[in-house]
Amino acid sequence: MATVTNWIDHLNKPAEEVAGAIYPGAGSSETLLVILGFIIWIGWHILTAKSESDELERLARKRHSANDHRNNITEW
Amino acid sequence: MTDQLGALTTIFTEFYYWVTVVLMFLIHVGFCMYEVGASRYKHHQHTLMKNTMLIPLVTVTWFLFGWWIYWAFPTGPGLAPSIMNESTALITDESAFSATWYKATSDLMAVNLGDHISGVFWAAFLLFSWTAASIVSGAIIERITTFAFGILAIAIGSVFWTIDAAWGWHFDGWMLKLLGYHDAYASGVIHAIAGGFALGVLMVLGPRIGKFSSSGEPRNIGPRNPWLVTIGLFLIYTGFWGFYAACNIPIFDLGPEYGMEGISYWTATNIYVTPTTLSGITFNFLMSLSGGLLAGYWIAKGDPFWTYSSGLAGIICASAGNDLYHPIQAMIIGMIGVVISYKLHYWVERKFKIDDAVGAVAVHGYAGFIGLVICGFVLNGYPSSGYSVGAMWDGTTYATINPLGQFLGALIMFVVLGLIPGYVIAKVLHGMGKLRIPREVEIAGLDYEMMEDAKRDERAVSSATR
């Protein structure tokens, strides 16, 4: 997975080879990483949309008045 | 890099953009403080988190596709040929500055010893994206769901503003060539579009409960904490310095760039690669801020909320031409923008029952729009690009800056890429029942359960004996 295993050897290469990507899996892992990025992004929306809907529904059922929250103002 | 002077120039440029990113981070800190200060106590925590979460959402999508859009869309597509490959198609070939180098899978979108600029330039634009989304965030507080805001933030931050930047802010953009569009510090490409987008969303979202009386008279709600609001705006001013610097290229040799044989001319340039100076835009930044503050204090009768916002509106209004204006011109333009925006805000509120909680549509949208139009008159006849001067690229010419082009450009920013997409996406979210929080929750307060839990904990702790 390591793209560079010896810095002296790496910097001794021709300039066009030195000037390149040095992250793990360079040249072979990018597509997979981007697919993972999309899955994490979309997955986050799905997870949080559900929890937000549940929270809003629960709170809406309680029908508090506009000033009820004042009883919950903490002093610490 | 093996040449010391070349390395110095490159690493200076890399560090320059990096510093602008750090400074621009303060814009977001300011927006968060400002929104929390403007919201009521029972909504504070959700308001803060709504704005905070646009950071990761816009960042991830900006990496996945937003940055690619900027480099792919300068031609429209189909509206004007690129000066790089003379095609009107999306720029996805192997030419210089093609979008193909900025796909999420590109090895330039990572640590790469051959590229010291892509990451910091990407980040500078990303911070503009956060700003666009954050402008929308303030207008719609206390009644939108976090889910809906997340979708809207991605739409404005990673799609629509980046299209407008490709069209009107890219050196190869079709709006420069056909309209002579000029918007050096983003009166339109950030502010008018975000203000228009916010207005489109507000038209569907509706006002906060209690904002209008039964007879339709508007009531003032807040700000709940004017000190947090004003400190937030001060931080936005501070971050704006980074914004201005990030819109420049710090050091560039224009001679070879314009195809002038044997001529070397090193200078700072604006985003269009035409010459300006960091020193000159500093005059104009401060004078337009001052113009905005002076006019705001006068028209709002010393109200701190509007006076601070007017300082910002003054800069925004003059930004389109602040690379070339005289400082007194910048000041006067800032004053004009503030007076018109302030009046328009209250007229629209009364006439159309639009509840813009923080005046974002006025400060960003109207001021940005007006600034673009004024720029067309004051800079009438200036070249919109340097590339047409040296005829470096065959077959391509650029229109000069002109009033009609700027007016059309303002309409494209505010209406075509701002208001219409904002309205349509909000309509879709509304149709899904996902746009607005339930009425009962808005009355109780979004933070009700969190506050209740905290109170329960407080009681338990205070009665604890060990």
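Where is His69(A) found? In this predicted model, His69(A) sits in the segment after α3 of chain A. His69(A) is buried, since 22 other C-beta atoms lie within 10 Å and 20 or more are enough for that label. Setting aside the residues within four places in sequence, the contacts of His69(A) are with Lys42(B), Ala444(B), Gly445(B), Tyr448(B) and Met451(B). That makes this histidine a handy way into the interface between the two chains.

Taken as a whole, the interface brings 31 residues of chain B into contact with 34 residues of chain A. On the chain B side, at least two residues apiece come from α2 (44-72), α4 (146-168), α14 (439-444) and α15 (448-462). Of these, α15(B) gives the largest share, with seven residues. Sorted by class, the side of chain B that touches chain A holds 15 nonpolar residues, nine polar ones and seven charged ones.

One helix pair across the interface can be picked out. A pair of packed helices is described by the angle and the distance between the two axes. For α3 (residues 30-62) of chain A and α4(B), the axes come within 9 Å and cross at roughly 150 degrees. An angle over 145 degrees counts as roughly antiparallel, so that is how α3(A) and α4(B) lie to each other. The residues that meet here are His45(A), Thr48(A), Ala49(A) and Glu52(A) from α3(A), and Thr146(B), Phe147(B) and Gly150(B) from α4(B). By class, this contact is made up of two nonpolar, four polar and one charged residues.

What about α3(A) itself? With 33 residues at 1.5 Å a residue, α3(A) should span 48 Å, and the 49 Å between its end C-alpha atoms agrees with that. Just after α3(A) comes Arg63(A), which takes a positive phi of about 50 degrees. Further along, the segment after α3 of chain A holds His69(A), the residue met at the start.

Chain B also has a bit of sheet. Strands of a sheet pair through backbone hydrogen bonds, in either a parallel or an antiparallel way. In chain B, three strands form an open sheet in the order β1-β2-β3, and the pairing is antiparallel. The edges are β1 (249-253) and β3 (275-276) of chain B, each of which pairs on one side only. Between β1(B) and β2 (residues 266-269) of chain B, which run antiparallel, there are three bridges. Asp253(B) stands opposite Trp266(B) of β2(B). On to the next pair: β2(B) and β3(B) also run antiparallel and are joined by two bridges, and here Ala268(B) stands opposite Thr276(B) in β3(B). The hairpin of β2(B) and β3(B) has five residues between the strands, and in that hairpin Val273(B) takes a positive phi near 65 degrees.

Some further backbone details turn up in the loops of chain B. As a rule, most residues other than glycine have a negative phi, and most peptide bonds are trans. The loop between α2 and α3 (118-139) of chain B is where Pro77(B) is placed, and the peptide bond from Gly76(B) to Pro77(B) is cis, with omega near 0 degrees. Glu86(B) belongs to the loop between α2 and α3 of chain B too. Although not a glycine, Glu86(B) has a positive phi of about 60 degrees. Glu86(B) counts as partly exposed because it has 13 C-beta neighbours inside 10 Å. In the loop between α11 (327-352) and α12 (360-378) of chain B, there is Lys353(B). Lys353(B) is no glycine either, yet has a positive phi of about 55 degrees. With 15 C-beta neighbours inside 10 Å, Lys353(B) is likewise counted as partly exposed.

Back in the loop between α2 and α3 of chain B, there is also Met109(B). Is Met109(B) buried or exposed? Met109(B) is buried, because 22 other C-beta atoms lie within 10 Å. Not counting residues up to four places away in sequence, Met109(B) touches Tyr102(B), Ala104(B) and Ser118(B). Measuring from C-alpha to C-alpha, Met109(B) and Leu57(B) are 18 Å apart in space, with 52 residues of sequence separating the two.

Definitions and conventions:
Residues numbered from 1 in each chain as written. Chains lettered and ligands numbered in written order. Predicted model: local features only at pLDDT ≥ 70, side-chain atom pairs only at ≥ 80, totals over all residues. Contact = placed C-beta atoms within 7 Å. Helix = DSSP H or I, 4+ residues; strand = E, 2+ residues; numbered from the N terminus. Nonpolar A, V, L, I, M, F, W, Y, C, P; charged D, E, K, R; others polar. Axes fitted to C-alpha atoms, helices over the stretch in contact; angles between N-to-C directions. Parallel < 35°, antiparallel > 145°, perpendicular 65-115°, else oblique. Buried ≥ 20, exposed ≤ 12 C-beta atoms within 10 Å, placed from the backbone. Pairing = 2+ DSSP bridges. Expected span 1.5 Å × (residues − 1).
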